[in-house]
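Please open the model in your viewer, with the chains coloured separately and the sequence panel in view. The tour below goes from one selection to the next and says what is to be found at each stop.

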Amino acid sequence: MDILAIQLVNGLSYGLLLFMITSGLSLIFGIMGVLNLAHGSLYMVGAYLALGITKHVAPSFFAALLLAPLLVALFSVILEVGLLRPTYRLGHLSQVLLTFGLAYVVHDLVRWIWGSSVQSLSIPASLGSSVELFGQTFPIYRLAVMGFGLIVAAAMWFFQEKTRWGAIIRAGLSNREMVGGLGINITVVFTVVFAIGGLLAGIGGVAAAPILGLFPGMEFEVLILALVILVVGGLGSITGTLAASMIIGVVDTFGKVMFPQLSLMIIFGLMALVLIVKPTGLLGKQVN
Amino acid sequence: MRKTKIVIAFLLVLSMALLSACGQSATAPVSGSENKPQGEAPAAGGDKAPANQAPVKIGAILPYSGVYASLGENLTRGLELYFDTVNWEAGGRKIELIKEDEENDPQAALRKLRKLVEKDQIDFLTGPVSTAVAYALRDEVDSKKIPFLVSHAGGNDLTRSKGSNYIWRSSFSSWQIGHSMGKYAYDHISKKMYLVAADYAFGHEVVTAFKEAYTAAGGEITGEVFPPLGSNDYASYLTQIKGANPEAVYAFFAGSDAVRFVQQYEQYGLKGKIPLVGSGWLNAEDIRPAQGSSPEGIISTMFWDYHLDTPENKAFIEAYEKKYNQRPSIESIEGYDAGRIIAEVLNSLNGDTSDKQKVTEAFGKVAFTSPRGPIKFDPKTHHIIQQLYVIQTELKDGKTENKVIDTIGEVQDPGVQ
Amino acid sequence: MESQKIKTGSLAAVLLLCLVPFLSSDYFTGIMAEILIFGIFAASLNLLVGYTGLVSLGHAAFFGVGAYTSSLVAIHLSANLFVSLISGLLVSLVAAGIVGFFCNRVSGFYFLMLTLAFSQMIYALVYRWGSLTGGDNGLSGVPKPTLAGGVALDSSSSLYFLILILFVLVMAGLRLFVRSPLGQILVGIRENETRMKSMGYNTTFYKNVSFVLAGGIGGIAGALYSYFNGFVSPKDIYWTMSGEVLIMVLIGGAGTLLGPVFGAAFIVILETIISSYTDLWMLIVGTTFILFVIFIPKGIVGLESVWRKSAKARAPVQTESPESVS
């Protein structure tokens with residue numbers, strides 16, 4: 001029984017970690033309709049910047065957690081203005097190709113700057129120990145990530161539902177011309193949304209780095225996982241993304257233990273099942 | 001009108017591609033030896049002139065991108081370091097190294113092999129890291145009779161059912177790695193063992209070989225689990241292992257998997273309570289810095305270690321650190337030895353590589369004391385016979401260091417069983 | 001008049017392709033063979049992406065199913081070309097039928113992700129079923145195909161001609177197909193599915209037809225690739241392969257007959273040549289993708305229309321209506 005309980009906690013902590021990684025992708029797709037295949041790359045840049053900051057600037061994890069995502073957001077703004085903006089009139093496939101090309105470029109740049117061997121970001125000493133939970137040892141850092149993930153979710157919900165910016169963004173999603181007609185510059189809205197998406201990717205990168213490690217190629221691992229969560233949750237729904245992250249975290253954790261033969265298939269099987277039963281994901285709207 | 005233009009464009013592209021291919025063969029890419037003067041190679045062995053003055057071409061198919069890029073890099077460094085020490089010359093011929101990216105993709109590697117064989121006309125092939133790539137190259141190497149020194153890929157079958165007259169392996173087989181720990185673990189660690197390994201062919205082979213030796217010694221396997229290769233999160237597996245309450249755990253993981261597994265082994269409170277043993281990639285020289293203090297106490301087997309106390313190893317490490325300002329890894333020594341083996345073959349043939357049968361026979365006669373200890377080839381299996389060492393990780397001033405605590409002795413792959 | 005020109009042009013192209021093994025090295029013939037194989041593969045995906053408007057990120061599943069089936073048949077039953085090729089074709093048709101049945105219930109981005117899910121599950125099956133498929137080590141030792149009299153196609157030029165013949169057959173077949181009433185229905189679905197539905201067409205049925213056909217042709221390409229390499233790797237099914245072929249279609253120009261073939265040629269040549277010179281080939285390939293999107297959004301065949309436009313500006317007499325490309 002205790003083992004079941006602790007596995008549930010394992011699953012939820014993995015799920016919340018996945019949510020932090022996916023939330024930015026979900027936001028960008030939901031509002032801008034851009035499938036950002038470079039999302040994993042932004043996540044990777046966040047992780048590597050955190051490594052660079054703790055090594056060369058300030059040897060503090062929390063400084064990195066504050067600074068690295070901001071730098072990623074800045075990087076995202078440059079990408080959005082310089083590369084993505086001219087492609088909005090071209091349709092989804094062009095953006096897919098562009099952001100995928102970008103992922104290739106960032107991959108090699110990171111390898112060129114930081115080398116190709118695996119590295120890791122140390123867990124801050126204050127969160128480095130473990131606690132007893134249901135008679136099992138559980139690392140405090142994971143609990144902290146869970147809490148942080150919930151805070152990010154709450155902040156996103158608050159931002160989208162309760163602030164003026166959130167209202168503008170929601171309006172932009174349903175009717176771009178109308179927002180334009182209200183005298184709001186949709187171009188700026190897009191840049192801001194893309195920056196927030198980058199910020200979230202960066203936060204995810206820093207938070208995940210001590211657990212998942214840093215190496216070129218980490219971004220593609222995460223990208224596929226994030227896309228799956230995005231679809232299972234339903235496009236354009238942050239709540240759906242949160243639910244999907246938790247479900248995938250828990251199902252994956254239990255599936256690996258109970259059906260080890262199927263471990264490679266669980267996540268994709270779950271996605272196929274959800275889409276066949278409910279073609280727009282758990283909480284999604286129809287988006288073409 | 002439109003279609004005609006497309007067809008014409010297609011013809012244009014085609015002829016351009018043809019031209020570029022022809023143009024290229026005149027200027028084949030050369031790397032490694034470009035800093036050496038292009039001159040007459042000095043005649044070796046006094047009055048006996050070398051049979052062939054043209055440089056000997058060695059093709060290296062190694063990963064320079066993708067997840068194994070750092071391994072490919074270290075293998076190349078070792079290889080180039082050795083060729084430096086012989087001034088890029090052996091058997092009276094200049095050595096030319098042509099590097100191609102394996103991309104960890106069998107099809108891409110096969111494409112590169114065709115290029116090396118048809119266009120560069122290599123005399124030797126060395127590499128790759130991935131066993132799948134080695135298997136993919138096997139048929140082409142065999143039919144084209146290219147002497148192929150496998151310098152990393154460790155799948156058993158490469159020197160067993162998929163063996164070839166022209167394939168020799170100087171690195172290791174998964175059997176050597178797994179089997180070597182079996183008896184030692186029974187005698188010194190525990191009579192019962194839980195197995196965990198990355199779920200791919202190589203992981204299964206290592207664990208099977210370990211199981212074979214461990215149960216033959218009298219040990220009992222209490223459970224086993226195979227997390228997918230590249231797993232993000234080992235929490236559920238570690239909970240499962242802990243729930244089984246095993247006396248000890250044998251693990252096979254490498255690269256980023258080893259970092260995650262060993263770190264999480266500590267975070268989930270298994271370290272220090274359940275002894276962790278495994279293959280030397282679990283606590284390898286190049287990944288320990290990323291593992292922090294978590295690998296402390298791991299006992300593993302490997303054919304080389306940084307702290308192996310022999311004059312050959314000291315000299316190798318000194319030269320390596322001087323050139324690259326970095327510690328060598330397991331892959332560095334593999335590259336270094338591969339370079340020396342090819343050079344010894346060339347020396348014994350006086351540089352004459354025209355008879356492929358003689359070349360492959362010459363491999364069988366190579367024997368010397370490498371930084372990893374005395375090595376030689378088994379002429380029957382074409383596989384290296386080498387010593388394996390028991391290595392333990394200790395904590396020294398907040399950093400981990402490995403220590404050689406025992407020698408398993410010579411381990412010879414049994415070949416086809 | 002125009003069709004006469006097309007015939008002459010195609011004939012010249014095929015003739016030139018026939019000369020490749022005689023004029024160039026084995027190495028270059030090999031590259032050309034790979035281009036033709038990927039050309040078939042990309043053209044089959046183009047049937048979905050370009051003509052029917054269904055963007056699939058799981059097309060490698062059928063390439064892989066074709067490759068594994070024909071290799072397994074060649075290893076265990078018969079190396080006869082027709083036996084192994086037709087079994088590869090049949091099994092990939094069936095696989096595409098099943099996968100298509102489920103995937104065509106959803107649309108847009110959900111379709112893309114569902115095709116990805118199915119291809120990844122097929123990948124997992126192949127990876128897991130090691131006793132049959134060799135797992136992650138791949139299936140090696142695939143014998144070269146033989147003809148009826150026991151003649152083996154074991155030289156690189158005989159294999160090249162086999163690939164070329166199938167390439168010509170597939171391209172000619174596709175040209176006939178996209179101009180047939182059935183092909184026009186597919187284009188109609190791409191342009192406006194709701195309209196086609198209201199006109200009384202069972203669009204789901206036609207989408208399934210397109211999916212099955214694309215899967216079958218993809219399977220042929222896979223079977224040819226396994227003959228060519230004598231080896232099949234699970235990477236042939238992995239999503240990176242699906243991504244690569246999708247890029248070939250996009251770079252070449254979706255919705256045109258020859259665009260994907262150009263795309264395949266471009267990608268194969270780019271990757272082969274660049275990765276011999278630099279380790280940072282992903283940087284260069286990625287930059288190329290970005291440049292394509294920004295400067296040549298319609299793909300390589302779009303280059304031709306750019307060129308024609310500037311020609312038009314100089315001599316404004318031409319009055320062609322350009323085929324719609326989207």
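What follows is a walk through a predicted model, chain by chain and contact by contact.

**Stop one: chain C as a whole**

Begin by selecting chain C, whose secondary structure consists of 14 helices and two strands. Its C-alpha trace spans about 60 × 50 × 45 Å along the principal axes. For a chain of 326 residues, a compact globule would be expected to have a radius of gyration near 20 Å, and chain C, at 20 Å, agrees with that expectation. If you colour the chain by burial, 54% of the 326 residues of chain C count as buried. Of the contacts in chain C between residues at least 6 apart in sequence, 76% join residues that are at least 24 apart.

**Stop two: chain B as a whole**

Move next to chain B, in which twelve helices and 15 strands are found. Chain B has 417 residues, and buried ones make up 60% of them. Counting contacts in chain B between residues at least 6 apart in sequence, 72% link residues at least 24 apart.

**Stop three: a pair of helices in chain B**

Staying in chain B, select α2(B), residues 69–85, together with α11(B), residues 330–348, and look at how their axes come within 6 Å and cross at roughly 40°. The two helices, α2(B) and α11(B), are therefore oblique to each other, and α2(B) passes α11(B) in a right-handed crossing. To see the contact itself, show the side chains on both helices: among the residues from α2(B) are B:Leu71, B:Leu75, B:Leu79, B:Tyr82 and B:Phe83, while α11(B) contributes residues including B:Ile333, B:Tyr336, B:Ala338 and B:Arg340. Taken by class, the residues of this contact between α2(B) and α11(B) comprise nine nonpolar, six polar and four charged.

**Stop four: two asparagines in loops of chain B**

From α2(B), go on to B:Asn87, which lies in the loop between α2 and β2 (89–90) of chain B. Although B:Asn87 is not a glycine, its phi is positive, at about 60°. B:Asn87 is exposed, with 11 other C-beta atoms within 10 Å.

Then select B:Asn325, whose place is in the loop between α10 (311–324) and α11 of chain B. Phi of B:Asn325 is near 55°, which is again a positive value in a residue other than glycine. B:Asn325 has 7 other C-beta atoms within 10 Å and is exposed.

**Stop five: where chain A touches chain B**

Now display chains A and B together and select the residues in contact, which number 28 from chain A and 29 from chain B. On the chain A side, the elements that give two or more residues are α1 (2–32), β2 (136–139) and α10 (238–258) of chain A. Which element gives the most to this side of chain A? The answer is α1(A), which gives five residues. Sorted by class, the side of chain A that touches chain B holds eleven nonpolar, 14 polar and three charged residues.

**Stop six: a loop tyrosine in chain A**

Finish in chain A by selecting A:Tyr88, in the loop between α3 (61–84) and α4 (92–114) of chain A. Is A:Tyr88 buried or partly exposed? It counts as partly exposed, with 15 C-beta neighbours inside 10 Å. Lastly, add A:Met32 to the selection: A:Tyr88 and A:Met32 are 56 residues apart along the chain, and their C-alpha atoms are separated by 9.2 Å.

Methods:
Residues numbered from 1 in each chain as written. Chains lettered and ligands numbered in written order. Predicted model: local features only at pLDDT ≥ 70, side-chain atom pairs only at ≥ 80, totals over all residues. Contact = placed C-beta atoms within 7 Å. Helix = DSSP H or I, 4+ residues; strand = E, 2+ residues; numbered from the N terminus. Nonpolar A, V, L, I, M, F, W, Y, C, P; charged D, E, K, R; others polar. Axes fitted to C-alpha atoms, helices over the stretch in contact; angles between N-to-C directions. Parallel < 35°, antiparallel > 145°, perpendicular 65-115°, else oblique. Left-handed = near helix turned anticlockwise from the far one by under 90°. Rg over C-alpha atoms; globule rule 2.2 N^0.38 Å. Buried ≥ 20, exposed ≤ 12 C-beta atoms within 10 Å, placed from the backbone.
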